[in-house]
Structures are given as structure tokens and as C-alpha cells.
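Please read the following report alongside the sequence and the three-dimensional model. It moves from the overall division of the chain to single residues.

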Amino acid sequence: MEHNSPSSSVIQTGSKEIDKLLTMIITSTQDALAEYKKSGAGLPSPHATEAHPLDSASDEFALKRALRILEGACETLCTTLAQPMHTILNRSMPFEAQCMRLIVENRIADLLEKFPNGLHVAEIASKTKNQMNPRKLGQVMGLLAARGCFREVSENTFTNNRLSLTLVSTNPVASMVHLCSYEIQKSINVLPEAMTDPEYAITESAEKSAYTFAVRDEGATSFYGWYQKHPELQGQFDHAMIGLSRVEGSLSIVNNYPWSDLPQGTTFCDVGSGVGTIPLALAKAHPNLRIILQDLPGAIEEAKQLWKTEFPEAIETGKVTFKAFDFFAESPMEDQDFYYMKHIMHNSPDAEAIKILKNIAAVMKPSSCVLIHEIVMMDGVRSAEDQESQATSMAKAQEPLLPNYGSGNLRHHNQNLNMLGLFNARQRTRGQFRALGESAGLELVEVLDLVEMHVLKFQKINVGA
Ligand SMILES: C[S@@+](CC[C@H](N)C(=O)[O-])C[C@H]1O[C@@H](n2cnc3c(N)ncnc32)[C@H](O)[C@@H]1O
């Protein structure tokens with residue numbers, strides 16, 4: 001149960017606002033603990049080196065809801081009590097990202113798996129490419145350990161722990177960490193220049209994003225164009241997308257939509273599928289679905305390899321087919337029951353997103369629907385429409401949290417900036433999605449709340465009218 005109302009507070013600090021925040025912190029902590037208790041595996045230690053069953057769970061809605069309040073309330077409490085200069089200077093030093101990149105690129109978490117009692121930085125450094133300077137590596141690992149990633153068991157001797165194990169190279173989340181701290185970071189680093197450059201400032205074209213500004217001497221006119229020039233990195237990108245799906249709990253769509261009620265042979269076309277992580281899980285759980293994956297040629301080749309390993313029967317029996325295409329220039333396969341898009345609309349500024357939707361709408365049969373699986377941004381202000389959103393599961397946070405949970409939904413805002421930097425695009429609100437659909441002749445008919453992500457269902461306007 002979500003304790004979003006602190007009215008029953010017994011805490012009395014002399015400040016009503018602090019009382020409410022402390023009550024939120026206590027009740028959301030209790031809610032999170034209840035989930036660990038329910039799992040039967042108890043609460044993991046921060047030093048644990050074994051995965052906990054909840055670590056990779058995708059349907060953990062109650063835990064995600066509790067953390068959304070806990071993180072929002074903790075940050076509001078700290079910024080209320082700290083000197084502003086303390087908070088602001090800390091935020092201007094996002095150095096951890098590059099430290100994590102160093103760890104991932106040099107497979108240091110992988111190396112420490114063989115040394116459960118710890119390894120001195122001198123030994124770690126001696127096993128890295130070109131033998132790093134141990135003193136420098138110690139500084140990097142020291143920063144990470146100060147935030148709970150790696151454990152310093154004795155001076156300059158480190159072991160893995162719960163957080164650092166996420167940086168082992170086989171974990172797709174490590175690939176996402178690398179993507180964020182390397183390719184994506186290139187665009188964020190030049191955002192101030194690109195947003196004021198005479199050629200890039202006003203335009204909303206994806207070809208004039210901060211990312212294309214950053215790589216303008218490398219001959220790529222778009223983020224995906226850059227990957228087409230570097231096919232050797234396609235696998236890494238696709239691995240990162242699996243990681244992102246995992247973090248966002250996207251697989252929860254497998255058990256939280258009535259797939260089993262659909263007739264045998266229901267067709268599901270993943271538009272911009274990447275390797276098709278979601279349809280792979282869907283196909284395994286719901287044999288009544290027939291899958292088609294559509295993406296650019298490089299991603300389709302990667303998808304074939306993954307499905308060959310993970311689910312060869314689906315290929316042999318024709319339950320899955322693969323078709324390369326360009327969603328800006330062509331329509332996907334016609335007459336599919338579902339056209340599914342995850343993390344596609346947010347890659348595209350409005351004009352391009354509408355082009356993709358129109359290409360889909362052109363081949364939809366009357367009963368087809370489009371499912372857009374993405375973050376839905378919440379408003380940062382309270383309004384008269386809040387009453388409506390309570391009824392439609394986009395409930396805003398209680399005061400004194402910001403209505404959009406503030407830091408409790410930080411990834412929404414970071415992803416919004418990520419899309420700005422790479423594509424001049426954005427994460428959209430429900431109203432912006434509705435308008436986007438209408439521009440392509442599609443009506444928003446249903447929204448499924450999966451906490452961090454939502455699934456928006458569209459049908460052709462005037463169907464059945
Ligand atoms: C952010 S990824 C999302 C992948 C997948 N839907 C997922 O959520 O894991 C965007 C995908 O769009 C594909 N894409 C980009 N431009 C495309 C185009 N013009 N035509 C078809 N696919 C494209 C990329 O190759 C990539 O796989």
C-alpha cells in the first residue's frame with residue numbers, strides 16, 4: 001500500500017513541512033521493507049555479492065512507488081536543511097559518471113569477481129590495459145566507494161558489492177551506463193554551445209541536435225547515422241537498450257496486459273524493435289502471438305542473432321519474422337493487430353514522430369492499435385486538472401513533494417535531457433502524446449500505468465463511428 005498521505009504523523013519537530021517529509025520517509029521505507037519481506041529473501045546487505053530476487057524483478061510496482069516518494073522526500077529534506085551553496089556545488093560535479101565509465105571499459109568489476117576478499121589498487125592497476133597508475137585509480141574507486149559502489153575493505157583494497165556488480169560487463173545495465181557516460185555525454189557536454197549556436201539554436205530538426213553539433217567533424221548527421229558508420233558498436237548499443245528496459249521495468253508489460261485473452265495468431269509488430277527484448281519475452285509467455293521485428297538493417301541482424309540463441313523454435317516455426325526498414329520512409333507490415341513502439345517517439349521531434357505515426361496509420365486495419373511504451377512526463381505544477389489525473393492514475397505527489405515527485409522521478413527528467421541532447425526531441429506528457437496521435441489520425445483510447453513507464457493505446461480516429 002502506498003502511504004502518500006502524511007496526515008497521521010506523530011512526528012513533531014516544530015516544522016509542519018519537516019514533519020510531513022519525515023513521515024513520508026518512514027512510511028515509504030516501511031512500504032519498501034514490506035516488499036523485501038514478501039519476497040521471502042529478506043533485506044539485502046549493501047555488501048551483498050549475491051543477487052537478490054528483487055534486483056531484476058520487473059513487476060515491482062510497490063517498490064518503485066515507495067522509492068519515488070522516499071527519494072523525493074529525502075532530497076527535499078536535505079535541500080531544506082543544507083546551505084544552498086552546498087547543494088548547488090555538489091550538483092555541478094557529476095564526476096561519478098566518468099569514474100563508472102573507466103570501471104566498465106577496464107572491466108574492473110569483472111576482475112574483482114575473482115577476488116571476493118578484495119584486491120589492492122596496485123594489483124588492480126597492474127592488470128589493466130597499459131597499466132594504470134594505482135594512486136589515480138585509488139582516487140577514482142574512492143569516490144565510487146564513498147557512494148556505496150565497491151567496498152573498501154582495508155586501505156586501498158576494494159571488493160565488489162551490490163552496486164558495483166551492476167558494472168560487470170555481461171550486465172546490460174553496464175552497457176547503458178557506458179552509453180550514458182560516453183556517447184550521450186558528448187551531447188550534454190556541448191548543450192550550452194549548441195543551444196546558442198546561430199545554426200543550431202532555434203531549429204528542432206534532429207539533424208541539428210547537440211549530439212550532431214558534437215560530432216560535426218565525423219560526418220554523421222544523426223545519432224543513429226553515427227551507429228550506421230560504426231557497425232562494430234551496434235551490439236553494445238543494443239545491449240544497453242536491454243539494460244535500460246530492465247531498469248525501467250519494461251518487461252512488466254508481459255504480465256500486465258491481457259495478452260492471453262487474444263486469439264491465436266494475433267500479430268504484434270515491433271516498430272524500431274532493436275533486438276526485440278519485449279517481444280522475445282512476450283513470445284515465450286504468450287504463444288498465441290505472432291511477432292514481426294522491424295528496424296534498420298544493423299539492428300535486425302543483431303536481433304536475428306539474439307533470437308537464434310534465445311528462442312530458435314520461434315524462428316523455425318515462423319512465430320517471429322524480421323524485416324529491415326526505415327520508419328521515416330516506409331510503412332511497416334500492413335494489417336497487424338498491434339504496432340508496438342518502445343523508446344521510439346521520444347527519439348523524434350514532433351514533425352518526425354508524426355511522420356512515423358502516419359506511416360503506421362496508413363497500413364492499419366480498423367481493429368489495429370498502436371501501443372506506445374514510454375515515460376509519460378508529469379506536470380511540475382498543481383492545476384485544476386489534478387482531480388482528473390487522480391482518477392486516471394497519474395496521481396501527483398502530496399505536498400510538500402513537488403507534484404511530479406521531483407528527484408523521485410529524476411530519471412524522467414534526465415531522459416528528457418538525453419532526448420534533447422541527442423535528437424532535439426523530448427519525453428512527452430499525456431496531453432502531448434494525445435496531440436501527437438491526433439496529428440496522425442489516431443485517438444488515445446487507454447493508458448496503462450506501469451509506474452516508471454506507461455503504455456498509451458491509440459486507435460484510428462472514427463473507427464466504428
Ligand atoms: C532507443 S532504440 C529502442 C529499441 C527498442 N524499441 C527498445 O526499446 O529496446 C531506437 C531504435 O530505433 C531504431 N531506428 C532508428 N532510426 C530508425 C529508422 N529510420 N528506421 C527504423 N528503425 C530506426 C534504432 O535502430 C533503434 O533500435
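The report below takes up domains, sheets, helix packing, the ligand shell and two backbone features in turn.

**Domains**

The structure is a predicted model, and the domain assignment of its chain gives domain 1 (16–91), domain 2 (96–167) and domain 3, the last of these made of the two segments 248–380 and 423–460. Taken over C-alpha atoms, the centres of domain 1 and domain 3 are separated by 32 Å. The contact between domain 1 and domain 3 takes 6 residues from domain 1 and 7 residues from domain 3, and on the side of domain 1 that touches domain 3 the residues divide by class into 1 nonpolar, 1 polar and 4 charged.

**The two sheets**

An open sheet of 3 strands runs in the order β1-β3-β2 with antiparallel pairing. Because β1 (119–120) and β2 (151–154) stand at the edges and have a single partner strand each, one side of each is left without a neighbour in the sheet. Another open sheet has 7 strands in the order β6-β5-β4-β7-β8-β12-β11, and its pairing is mixed. The edge strands of this 7-stranded sheet are β6 (320–324) and β11 (442–450), each of which pairs on one side only, and neighbouring strands are turned against each other by 20° on average when direction is ignored.

As general background, strands of a sheet pair through backbone hydrogen bonds, in either a parallel or an antiparallel sense. The table sets out two antiparallel strand pairs, together with a pair of opposite residues for each.

| Strand pair | Sense and bridges | Opposite residues |
|---|---|---|
| β1 and β3 (residues 157–159) | antiparallel, 2 bridges | H120 and T157 |
| β11 and β12 (residues 453–460) | antiparallel, 8 bridges | L442 and K460 |

**Helices on the sheet and against each other**

Helix α16 (residues 350–361) lies across β4 (266–271), β7 (338–342), β8 (369–374), β11 and β12, and runs at about 110° to β11. Helix α19 (residues 430–439) also packs on the sheet, where it touches β8, β11 and β12, and its direction makes about 150° with that of β11.

How do helix α8 and helix α18 cross? The axes of α8 (residues 172–189) and α18 (residues 410–423) come within 8 Å and cross at roughly 80°, which means that α8 is roughly perpendicular to α18. In this contact I184, S187 and I188 of α8 meet L417, N418, G421 and L422 of α18, and by class the contact has 4 nonpolar, 3 polar and no charged residues.

**The ligand shell**

Which residues are the closest to the ligand? Of the 17 residues that surround the ligand, the closest are M241, G272, G274, K342 and H343. The shell as a whole divides into 7 nonpolar, 7 polar and 3 charged residues.

**Two backbone features in loops**

Most residues other than glycine have a negative phi, and most peptide bonds are trans. Against that background, two places in the chain deserve a look. N130 has a positive phi of about 60° although it is not a glycine, and N130 is placed in the loop between α6 (121–126) and α7 (134–146). The peptide bond that joins E399 and P400 is cis, with omega at about 10°, and P400 lies in the loop between α17 (386–391) and α18.

Conventions. Residues are numbered from 1 along each chain as its sequence is written. This is a predicted model: local features need pLDDT of at least 70, side-chain atom pairs count only at pLDDT 80 or more; totals for chains, interfaces and linings use all residues. Axes are lines fitted to C-alpha atoms, for helices over the stretch in contact, and angles run from 0 to 180 degrees between N-to-C directions. Helices (H or I, at least four residues) and strands (E, at least two) are DSSP runs, numbered from the N terminus. Angles under 35 degrees count as roughly parallel, over 145 as roughly antiparallel, 65 to 115 as roughly perpendicular and the rest as oblique. Two residues are in contact if their C-beta atoms, placed from the backbone, lie within 7 Å. Ala, Val, Leu, Ile, Met, Phe, Trp, Tyr, Cys and Pro count as nonpolar, Asp, Glu, Lys and Arg as charged, and the others, Gly among them, as polar. A residue is near a molecule or strand if its C-beta atom, placed from the backbone, lies within 6 Å of it. Domain bounds come from an automatic or database domain assignment. Two strands pair if DSSP finds at least two bridges between them.
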